[in-house]
Amino acid sequence: MVFSGNIFLFVFLPLVLIFYFNPFIKKMSDGGRKFKNIVLLVASLVFYAWGEPKFVFILMASIVLNWLIGLGLGTYEKLSTRRLLFAAALVLDIGLLFVFKYLGFASRIFGGNISIALPLGISFYTFQILSYILDVYSAPDRVQKNLLLLGLYISMFPQLVAGPIVRYEDVSKELLNRQETSADITYGITRFVYGLGKKVILSNYLAIIADYAFLSPGADSVLTAWLGTICYTLQIYFDFSGYSDMAIGLGRIFGFKFPENFDYPYVSLSFTEYWRRWHMTLGSWMRDYLFYPLQRSNGFIKLGEWSRKKFGKKKGKFVPAVLSLLALWLAMGLWHGANWNFIVWGLLFFVLMSFESISKFGKKALKAATTKGFTVSKIFYHIYVIFFLLIAYVLFRAESLPVAWDYIKNMFGGTSAGFVDSAFFDYLNNGKIVLLAGILLCTPLARSISNKVTNEKAKGIARGILTLVIFILSVLLVITEAYNPFIYFNF
C-alpha cells in the first residue's frame, strides 16, 4: 500500500481518520489517548501487512524483543549485564538486517546464489529501533515500559517504510501528551497534498523519461543519456521528498511533529552542504550514532595520537578524519543497497567530501554560499555539485557497475547513437512543462515568492486554492494512470 494509491487515499486513510477522531472517545478518562494509540498501532500493522503479510510478523517480533531488551537496559545497573543486553540487541537487529538485505550479496561475492526477499522498509525501522536501544543504553531513564507505545513508535505507518527516520526522543512525549489542533490538521492536510502532487504529477512523469534512458542505454544518444539522468535526479528528489512531505503531513494530522528531511538540496554549492540538505534524518543518524562514536572510541583516539606523531600535528589530524569519513560513506552506500553500485556511489561521495575537507575548496564554497546575490563563484560551485551529482545518480540508478559505466560513457560521446536522436526531441517536447516545473520547484523560488506576500489573508486563500487544484489533479492522475512505487521502498 502506497500513499499515492487508490486504496490508501479512498479506503484506508478515511477509515483510520473516522476511527481516530471518533467523537465518543473524548468521554474517556484520558481523553481517548490510549484508544487513539491503539487505532494507530493496529492501522500501522494493517498498512504494513497489506504489502508484506509474512514480514509483519518479523516486525512484530522485533518490537517485542527490543521492548524486552529495553526493559532490561532500564532495570539492570551492572555494566556487564547491560553490555550483554546491548550486544544482544545489536546481534538481533543488525543480524536481521544482514540476513534479509546483505546475505545474498555476501554469498554472491563468494560464488553462492542465495536469494531472500527484502522486507519493506527494513532499513528505516531498523535504524529507528537502534536509536531507541542506543539511547536507552546511554540513558536508562529513557526506557519505554509500555509495549503499545514502543510498538507505535517503531511501526507508525506515516513514516514506517520510507522515513523520515524518527528518533525515539523526537516523539516520546507526543506518544501520550500530543494534541491534535485544527491548525496542525490544516497544515498536515496541506503538506500531504503538496507531497502527493510531487509524487504523482512530477515524479511519475519524469520516471517515464528516466526509465526509457536507463532501460535501453545502448540506444541512447549523448543528449538522451544526459536528459535521462537529469530526469532521474529530479524524479528521485520529488519521489522521496514527496513521500517525506506526506509522512510529515500525516504525522501532524495525528499530533506528531516529525523532523524535516529535505531542504532544497539541489541548490547546494558543496557536497558537505548537500548532505546537510538531503535525507537529513539519515545524515544526522549516521553522524550521531556512527561518526561521532567512532571518533570517541579508544582505537580511534590511539590512531589519532599515532598519526600526529608520525606525520606531525597538522597533517596527522587528517588520517583519523579521512578514515572515519570512509567508514561513514561505506555505511551510507551499503544502507542504500546490497550492490557494488551503492558501494562505489558511497566511495564517490567519500572522495568528494574528503577533497572538500582537506583542501580549501570546501571553505571557499561555504564562503560563496554566504554571499548575497548571484556571483561567478556561486555558479562555478553549483555546476561542480550538479555535475558530480548526475554522475552519482547514474551509479544509483543503473542495475550494475558495467551498465553504469556504459551509461556514463554514452554521456561523454561513447555511443553509436550519435549526439542527438529523435527520442530526445520527443521526450523534451512532450515533457518540457513538467521538466521546467521540476527544475523550478526543486529550488526555494516558490517559498521566496510566498514570503514576499505580506497579506496573510490573501496568502491563505491562494494557498487553499493551490492545495485544492493539486489535490484534484493528483486524484485524477491516481485514478486514470498507473503509478510508480516509491523508490526508497527498496531500502
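**Notebook: cavities, pockets and helix α3**

I counted 2 cavities of 30 Å³ or more. The model is predicted: local features need pLDDT of at least 70, side-chain atom pairs count only at pLDDT 80 or more, and totals for chains, interfaces and linings use all residues. Residues are numbered from 1 along each chain as its sequence is written, and side-chain values use heavy atoms, with hydrogens and water left out.

**Terms for the search**

I worked on a 1 Å grid over the protein atoms alone, where a cavity is a set of points at which a 1.4 Å probe fits but cannot get out. A pocket is an open set with protein on both sides within 12 Å along at least five of seven lines, and lining residues have an atom within 4 Å of a point. Grid points are joined across faces, edges and corners, and a volume is the space filled by probe spheres set on the points.

**Cavities**

I noted a volume of about 60 Å³ for the largest cavity. Its lining is formed by Ile 58, Ser 62, Asp 93, Leu 96, Leu 97, Ile 122, Tyr 125, Thr 126 and Ile 129. Helices α3, α4 and α5 each give two or more residues to this lining; helices here are DSSP runs (H or I, at least four residues), numbered from the N terminus. The most comes from α5, with 4 residues. By class I found 6 nonpolar, 2 polar and 1 charged residues, where Ala, Val, Leu, Ile, Met, Phe, Trp, Tyr, Cys and Pro count as nonpolar, Asp, Glu, Lys and Arg as charged, and the others, Gly among them, as polar.

The second largest cavity has a volume of about 30 Å³. Residues lining it include Ile 209, Tyr 212, Thr 224, Phe 424 and Tyr 427. Two or more lining residues come from each of α9 (182–215), α10 (222–253) and α20 (422–441). I recorded 7 nonpolar, 2 polar and no charged residues in this lining.

**Helix α3 and Ser 62**

I then looked up Ser 62, which lies in helix α3. Ser 62 is buried (under 20% relative accessible area, 1.4 Å probe, protein chains only), because its relative accessible area is 4%. Not counting residues up to four places away in sequence, Ser 62 touches Leu 96 and Ile 129; contact means heavy atoms within 4.5 Å. Leu 96 and Ile 129 also appear, with Ser 62, in the lining of the largest cavity.

Among the other buried residues of α3 are Val 56, Leu 59, Ile 63, Asn 66 and Trp 67. The buried residues of α3 pack against α2 (33–51), α4 (79–109), α5 (122–138) and α6 (147–155). I checked the length of α3 (residues 56–75): its 20 residues should span 28 Å at 1.5 Å a residue, and the end C-alpha atoms are 29 Å apart, which agrees. The expected span is 1.5 Å times one less than the number of residues.

**Pockets**

The largest pocket holds about 1400 Å³ of space. Of its 41 lining residues, Tyr 194, Tyr 264, Ala 446, Arg 447 and Leu 466 are the closest to its centre. Helix α9 supplies the largest share of the lining, 10 residues. I sorted the lining into 21 nonpolar, 12 polar and 8 charged residues.

For the second largest pocket I noted about 1000 Å³. Of the 32 residues that line this pocket, the closest to its centre are Thr 272, Arg 276, Leu 325, Met 353 and Ser 357. The lining divides into 16 nonpolar, 8 polar and 8 charged residues.

Key
Buried < 20%, exposed > 50% of the residue type's maximum accessible area, 1.4 Å probe, protein only.
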